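Colleague: I would like to learn how to read a protein model step by step. Could we take a few features in turn, with the general idea before the case?

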Amino acid sequence: MKTPPLLMAAVLLFWGWQSDMLLAGLGLGLLLESARVIPARWEMTDAEIVRVWNFCSLLGLAAAIYAFTSNEGPADFGKMFEHPDLQTSQLAGNASTAAAIGLVRWLPLVFYFFMLTQAFSARGDFPLDALSPFLRYRRKWHLQTNRPPPRVIILQAAWPYFMLCLCAASAHAATDLTFFWGTGALLAWALWSQRPPGFTRRVWLSTLGVVLGSALVGQRGLGELNRLTNFADNYNAQWLAKFMRHNTDPEQSRTSIGRIGEQQMSSQIVLRVAPVNGTAVPTHLREATYRVYHAPVWYTSGTPNDFTSVPETPVNSGHWVLQPKVAGRALVTISCYLNAINPKDGNPLGVLPLPGDCDHLENLNAYDLKNNSVGTVLAEGPGLLTFHAGFGAGSSCDAPPATNNAPDTSDDLVVPDKEKPALDAFLAQLPLAGLSDRAKGQAIDHYFGTHFEYSIWQEPPKASARPGSTNETAVGNFLLHTHKGHCEFFATATVLLLRELGIPARYAVGYYVHETAGSHYVVRERDAHAWCLVWDAPTRHWVTLDTTPGSWVDTERKRMSHWQVIADGFSWMGYQFAKFRWGQSHIRPYLLALLVPALGYFLYQIIAYRRRHQPAAAANRAAPVNWPGRDSEFYELEAALAQRGLPRRPGESLTAWLDQVTADPAVAGFQEPLQRLVRLHYRLRFDPSGLTGVEREALRREARVCLNQLRNVQ
Amino acid sequence: MNPETIMAARAVYQKIAGNIGKVIQGQSGATRKLLAALASGGHVLLEDFPGTGKTTLAKALARSIDASFKRIQFTPDLLPSDILGVAIFNQRDQAFHFHEGPIFTNILLADEINRASPRTQSALLEAMGESQVSIDGEHRTLSELFFVIATENPVEFRGTYPLPEAQMDRFAMRFMLGYVSPEEEVSILAAQQSQHPLEALTACVTLTEVLQLKQVVQAMRISDELKRYVVDLVGATRKAAGVQLGASPRASLALMKAAQALALFDGREFVTPEQIQELAIPVIAHRLVMEPQARFAGVTARGVVEGILKSTKVPA
């Protein structure tokens, strides 16, 4: 071992301490270090190293199976395959985690035998080929096809085993800092023995100090930060305020209305939408709806937090019904992240972007689902949700506008007093007399489309230009003067204009879906949009009315960077990882399916290796039978001497062996007859002319005599 | 072959060995190998540190045989024509005349062969392999006894070029002399106190006798089983770990021939496994090209062959 003395014992002791196997760790460590004082060494051939490694691998496999079974793994996985739902897959995940942790803890034991044989082997290293049958087959194949064989990579086991022990010690349950300091000390010890000669002791020590210090600060700091955010979460009375993508709050929406300058949104991908069965995807995905406008904020209503739970029917099926008795025609797959944390239980939380007339959700692995009277759906679940939304029912789950007696009648018709003058002035320009409610909305939409333009740039109102208009609101300024604005202006203005005309309307925010990427759609943060929901009295439905001029999509697209492709690539990778992390992909079952043939191949390799090599070995033994002189009586002598504890090694020639044998005082007297016999035997065996009949008889006779004499000698 | 011829051939060996023993002390093993190479028609590469007696051994052998002997001191600026010879234009008769180089001899001492560039070293390839040289498109056959003794310093020494693999393969054997025991070194000092014993050395055998020795060696019997053993030993180097390039069939051939010579020297009429084992390292080891990784790990070609000798089952 090239490690400093006692380091391996220390790391095994440390591992034993951390894993509650202190005595075992101590014993194993001392046994390993005894290789330094015990001079005896094994001559290990490559084949023996392979055998030891195979044994350790089998041991590891057995340990893995044991860890898996002892942690209720088969039962939990069986349940998951029988009833694949959220609870069972969570249980199966817990079982595999527990099994993995257990296995990691045992790894030093599993590979201890390999390490021990390395410590006591004469060579002290092993070729990389020993670890993998594939590498060995590659070498053999190169030899058979007369290619230059690949380089032999020689490895030492000690340092990898050292790191393995540290990793295993990390799978402990202690929460104090003993692991941190123990690992730090052991690593420092190991690194000290390997330090480059060019650095002074002071530089080396201070570098180590900086590394350890920053690791400690990082570890402690993370804990402190976590505590701080928890505190902030609890302190915030408005617990819903934090959990949206770009602050979509089901209670209120602060618009940029009245703000001047350019409004920026990033091109980050926030949603992925894919059609199911080739149906068209809805263009508008709504996140939240608001009813009350107090510039510049839209509020849900006077009664906040009227969320009620949506039942999952049947339980654990992932099927959630938003509108009973309605069946949607089409399905769309939506993937969205839940970015906020519920401070009560730490689960991810977020509002779902849904088609306006969504009636039910399928395959939704949420823990809890709530909606409110204006159709906002709030989900609590894993960080990423991928689900099917059924839509196309033509109706939405939003409460209808005020009927005559309801207390919140006014909400969908209320227009703030200070907005009224501008709205009336604007409506006076439109020829709306005699039109139906629906036609009025379309007229406004048409007017906006032809006379207004989309702009993310807001100029400051020219107060000096219009004296006496200092009380003018932002919406008024937009309607009467600038004629430019972004979607929030158009949506807010439309809602207020319709209300001023006596038509119930609501303000909705969400995403506009238009950008395709292969078979699915991606929705970026800048596709966030706002529009108007208008009550269609004849059908008694809320209808989407998007009055923002269509040019807004192009305007936003122009701002896209050329490097967006790269960012999208990373976003895709992050999405794939999130799918795996939150159990939304099917990788785990695939892994299991892959494991079975891999284990099968391993078993085959071990069995077939034996079977293939046994006939070959037998053939090797059988070959010499054909050579002449195999019937020589000298072999009986050799066997007799071997029985006396003087065996001949395979590579030892007869004369070299005889020199060894006759050094034994008991046999020393036989030197002369033995040498004569060897000469005769050699002539019989290796002289193509062979022996004459007389000589052959002499060999037979003398050998018998010698054998008898040898038996008499004790 | 009648026993008298064999006895005569053995006597030739003993005479040369005795003659060399007068000059070189404590190197009977090296002399034995050197003569085995001479008798089996192979060439020898002596590798050792300066001053261990390489050149003296070669010169002692040359002086013991009544044959022509030439010596080339290899230097970095030596050219192939300095070895092979050159055709020079004679203005008097308006024709080219070939001037033979030192290679046209019976015994050639290529001293410090690894000091010349590989290009010059390679000039020896054809001569050593086929006993002929091609100069200006003309084949010239070398004499019937053509024996090259090359000496070299270990490759790590300054100003040396490693020999190309093909050139290495042309040498039947490479071995070291090694330092002698202190007692023998004292007797070397005593022997050379007044004059070098080499100068007093005279030829003890004729060229014809050496050629007869070679013929007898070729006739030494070797069983098929031992031929197989030779091939197994050489073949194992091609599969050994850490070896990039194993030994060639030429190595098998050289091992068999040299073992035949040793069998004659040992007073036998057939080859035994001991003779093959004795020569395996000097005949095989220098032909192996080791992998850099294995070389750094301290694996040597000699160690590989030793391992093969230990692990290969010897016929008995």
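Modeller: The turns below go from the whole chain to a helix pair, a single residue and a sheet, and we should keep in mind that this is a predicted model.

Colleague: How many helices and strands does chain A have?

Modeller: Chain A has 21 helices and 26 strands, and buried residues make up 44% of its 714 residues. Among the contacts in chain A between residues at least 6 apart in sequence, 74% join residues at least 24 apart.

Colleague: At what angle do helices H1 and H8 of chain A pack, and are they roughly parallel or roughly antiparallel?

Modeller: The general idea is that angles under 35 degrees count as roughly parallel. Helix H1 of chain A, residues 7–18, and helix H8 of chain A, residues 158–170, pack at an angle of about 20°, with their axes 8 Å apart, and H1(A) and H8(A) are therefore roughly parallel to each other. Their crossing is left-handed.

Colleague: Which residues make the contact between H1(A) and H8(A)?

Modeller: From H1(A) the contact includes A:Leu7, A:Val11, A:Phe14 and A:Trp15, while among those from H8(A) are A:Trp159, A:Phe162, A:Cys165 and A:Leu166. Sorted by class, the contact of H1(A) with H8(A) has 14 nonpolar residues, one polar residue and no charged residues.

Colleague: Is A:Arg139 buried or exposed?

Modeller: The general idea is that buried means under 20% relative accessible area. A:Arg139, which has its place in helix H7 of chain A, residues 133–144, has a relative accessible area of 16% and is buried. Leaving aside residues up to four places away in sequence, A:Arg139 touches A:Asp129, A:Pro149, A:Pro150, A:Arg151 and A:Val152.

Colleague: Which strands stand at the edges of the sheet with the order S3-S8-S7 in chain A?

Modeller: This is an open sheet of three strands with antiparallel pairing. Strand S3 (252–254) and strand S7 (292–294) of chain A stand at the edges, each with a single partner strand, so one side of each is left without a neighbour in the sheet. Neighbouring strands of this sheet are turned by 20° against each other on average, direction ignored.

Colleague: How many bridges join S7(A) to S8(A), and what lies across this sheet?

Modeller: Three bridges join S7(A) to strand S8 of chain A, residues 297–299, and the two run antiparallel; in S8(A), A:Trp298 is the bridge partner of A:Tyr293. Helix H14 of chain A, residues 487–500, lies across S3, S7 and S8 of chain A and runs at about 55° to S8(A).

Conventions. Residues numbered from 1 in each chain as written. Chains lettered and ligands numbered in written order. Predicted model: local features only at pLDDT ≥ 70, side-chain atom pairs only at ≥ 80, totals over all residues. Heavy atoms only, no water. Axes fitted to C-alpha atoms, helices over the stretch in contact; angles between N-to-C directions. Helix = DSSP H or I, 4+ residues; strand = E, 2+ residues; numbered from the N terminus. Parallel < 35°, antiparallel > 145°, perpendicular 65-115°, else oblique. Left-handed = near helix turned anticlockwise from the far one by under 90°. Contact = heavy atoms within 4.5 Å. Nonpolar A, V, L, I, M, F, W, Y, C, P; charged D, E, K, R; others polar. Buried < 20%, exposed > 50% of the residue type's maximum accessible area, 1.4 Å probe, protein only. Pairing = 2+ DSSP bridges.
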